[in-house]
Amino acid sequence: MKKFLTMMALALGSTSLMSLSALHAAELKPDMEAAKGKVAMCIGCHGIPDYRTAFPEVYHVPKIGGQNAKYIENALKEYAKGDRRFQTMHGIAATLTDQDIVDIAAYYAAQTASTPVNPQK
């Protein structure tokens with residue numbers, strides 16, 4: 001019985017932690033002003049028209065301006081975990097906080113063809 005109660009307590013505890021984590025993520029609000037200082041790494045590749053990387057392989061870098069914010073958030077989280085594989089993106093995404101990801105995703109989702117800050121996206 002004691003073992004059963006211990007297992008139930010652990011299960012409930014982990015469920016509570018997951019709920020808190022999901023609640024925390026739901027509470028994050030994009031800070032567009034803060035995002036301007038966070039996208040410098042992104043612009044280095046995604047802001048160059050028709051840019052292709054040569055490491056670790058030749059890869060056409062996609063334009064991310066105007067992309068759906070949730071898509072960008074999910075992509076960055078997948079790169080951070082290693083579920084999406086590209087060494088450069090993994091290295092960058094792994095350093096981002098949840099707030100950084102929300103800010104960057106909102107920044108790029110707000111881009112349009114006429115956005116003056118990063119017109120090439």
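Which pattern does the protein follow when it is read along the sequence? Read that way, the protein runs α-α-α-β-β-α-α-α, and what I will describe this morning is a predicted model, so please hear every value as computed from that model. In total the protein has six helices and two strands, and of its 121 residues, 27% count as buried. Among contacts between residues at least 6 apart in sequence, 65% join residues at least 24 apart.

Let me begin with a pair of helices. Two packed helices are described by the angle between their axes and by the distance between those axes. Here the pair is helix α4, residues 69-81, and helix α6, residues 98-109, whose axes come within 8 Å and cross at roughly 140°. Because of that angle, α4 is oblique to α6, and the crossing of the two is right-handed. On the side of α4, the contact is made by Ala69, Ile72, Glu73, Leu76 and Lys77, while α6 contributes Ile101, Val102, Ile104, Ala105, Ala106, Tyr108 and Ala109. Sorted by class, this contact of α4 with α6 has 10 nonpolar residues, no polar ones and two charged ones.

One residue of that contact deserves a moment of its own, namely glutamate 73, which is found in helix α4. Is glutamate 73 buried or exposed? Its relative accessibility is 10%, and because buried means under 20%, glutamate 73 counts as buried. If we leave out residues up to four places away in sequence, glutamate 73 touches Ile101, Val102 and Ala105.

Staying with helix α6, we also find aspartate 100 there, and with a relative accessibility of 16% aspartate 100 counts as buried as well. Again not counting residues up to four places away in sequence, aspartate 100 touches Lys38 and Thr95.

I would now like to turn to the aromatic rings. How many aromatic pairs does a search of the whole structure find? The search finds two. One of them is formed by tyrosine 59 and phenylalanine 86, whose rings lie 4.8 Å apart, centre to centre, with 35° between the planes, so that the pair is described as tilted. Tyrosine 59 lies in strand β2, residues 59-60, whereas phenylalanine 86 lies in the loop between α4 and α5, the latter being residues 87-93, and so the pair ties together parts that are 27 residues apart in sequence. As for their surroundings, tyrosine 59 is partly exposed, with a relative accessible area of 30%, whereas phenylalanine 86, at 11% relative accessibility, counts as buried.

The other pair is made of tyrosine 107 and tyrosine 108, whose ring centres are 5.1 Å apart and whose planes stand at 85°, which is why the pair is edge-to-face. Both tyrosine 107 and tyrosine 108 are buried, and for tyrosine 107, which has its place in helix α6, the relative accessibility is 5%. Tyrosine 108, you may remember, is among the residues of α6 that make the contact with α4.

Finally, where does tyrosine 107 stand with respect to glutamate 33, both in sequence and in space? The two are 74 residues apart in sequence, and their C-alpha atoms are 8.9 Å apart in space.

Notes
Residues numbered from 1 in each chain as written. Predicted model: local features only at pLDDT ≥ 70, side-chain atom pairs only at ≥ 80, totals over all residues. Heavy atoms only, no water. Axes fitted to C-alpha atoms, helices over the stretch in contact; angles between N-to-C directions. Helix = DSSP H or I, 4+ residues; strand = E, 2+ residues; numbered from the N terminus. Parallel < 35°, antiparallel > 145°, perpendicular 65-115°, else oblique. Left-handed = near helix turned anticlockwise from the far one by under 90°. Contact = heavy atoms within 4.5 Å. Nonpolar A, V, L, I, M, F, W, Y, C, P; charged D, E, K, R; others polar. Buried < 20%, exposed > 50% of the residue type's maximum accessible area, 1.4 Å probe, protein only. Phe/Tyr/Trp six-rings, centres within 6.5 Å; stacked < 30°, edge-to-face > 60°.
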